[in-house]
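Grab a pen and work through a few short exercises on the model below. Try each task before you read its solution.

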Amino acid sequence: MQRLTLGAVAVSLMLGLAACSGMSTQDRNTAVGAGAGAVGGSVLTGGSTAGTVGGAVVGGVIGNQVDDDDD
């Protein structure tokens, strides 16, 4: 069962990374912020759904507002 789960996670990760190839910098920042926020929210609330979703929303908003001044 663990091998199946590990395989599913690996495939999901590869598909997720491939989906980011055509994204703008702001879109990538939003996605990364949402992912990091979801992980942080889940850890801080002991895995609750509300904490995970709330963290993803807050992280996505923050990631969206990050300005890359390298342009």
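Here are four exercises, each with its solution.

This is a predicted model, where local features need pLDDT of at least 70, side-chain atom pairs count only at pLDDT 80 or more, and totals for chains, interfaces and linings use all residues. Residues are numbered from 1 along each chain as its sequence is written, and side-chain values use heavy atoms, with hydrogens and water left out.

**Exercise 1.** Work out which pattern the protein follows along the sequence.

Solution. Start by counting elements: the protein has three helices and zero strands. Helices (H or I, at least four residues) and strands (E, at least two) are DSSP runs, numbered from the N terminus. Reading along the sequence then gives α-α-α.

**Exercise 2.** Compare the radius of gyration of the protein with that of a compact globule of 71 residues.

Solution. First, the rule: take 2.2 Å times the number of residues to the power 0.38, with the radius itself taken over C-alpha atoms. That puts a compact globule of 71 residues near 11 Å, while the protein has 14 Å. Next, look at the box along the principal axes: the C-alpha atoms fill roughly 45 × 30 × 15 Å. Finally, check burial: 13% of the 71 residues count as buried (under 20% relative accessible area; exposed is over 50%, partly exposed in between, with a 1.4 Å probe and protein chains only).

**Exercise 3.** Find the buried residues of α2 and say what they pack against.

Solution. Begin with length: α2 has 20 residues and should span 28 Å at 1.5 Å a residue, and its end C-alpha atoms are indeed 28 Å apart (the expected span is 1.5 Å times one less than the number of residues). Now pick out the buried ones: Gly33, Gly37, Ala38 and Gly41. Seen down the axis of α2, they fall within an arc of 135°, so they line one face of the helix; the arc is that of the directions from the helix axis to the C-beta atoms. That buried set packs against α3, with contact meaning heavy atoms within 4.5 Å. On the other side of α2, Val32, Ala36, Val39 and Val43 are exposed.

**Exercise 4.** Sort out which residues of α3 are buried, then place Gly54.

Solution. In α3, the buried residues are Gly51, Gly55, Gly59, Gly60 and Gly63. Down the axis of α3 they sit within an arc of 160°, so they line one face. Their cover includes α2. Flip to the other side of α3 and you meet Thr49, Ala50, Val57 and Gln65, which are exposed. As for Gly54, this residue lies in α3 and is partly exposed, at 33% relative accessible area.
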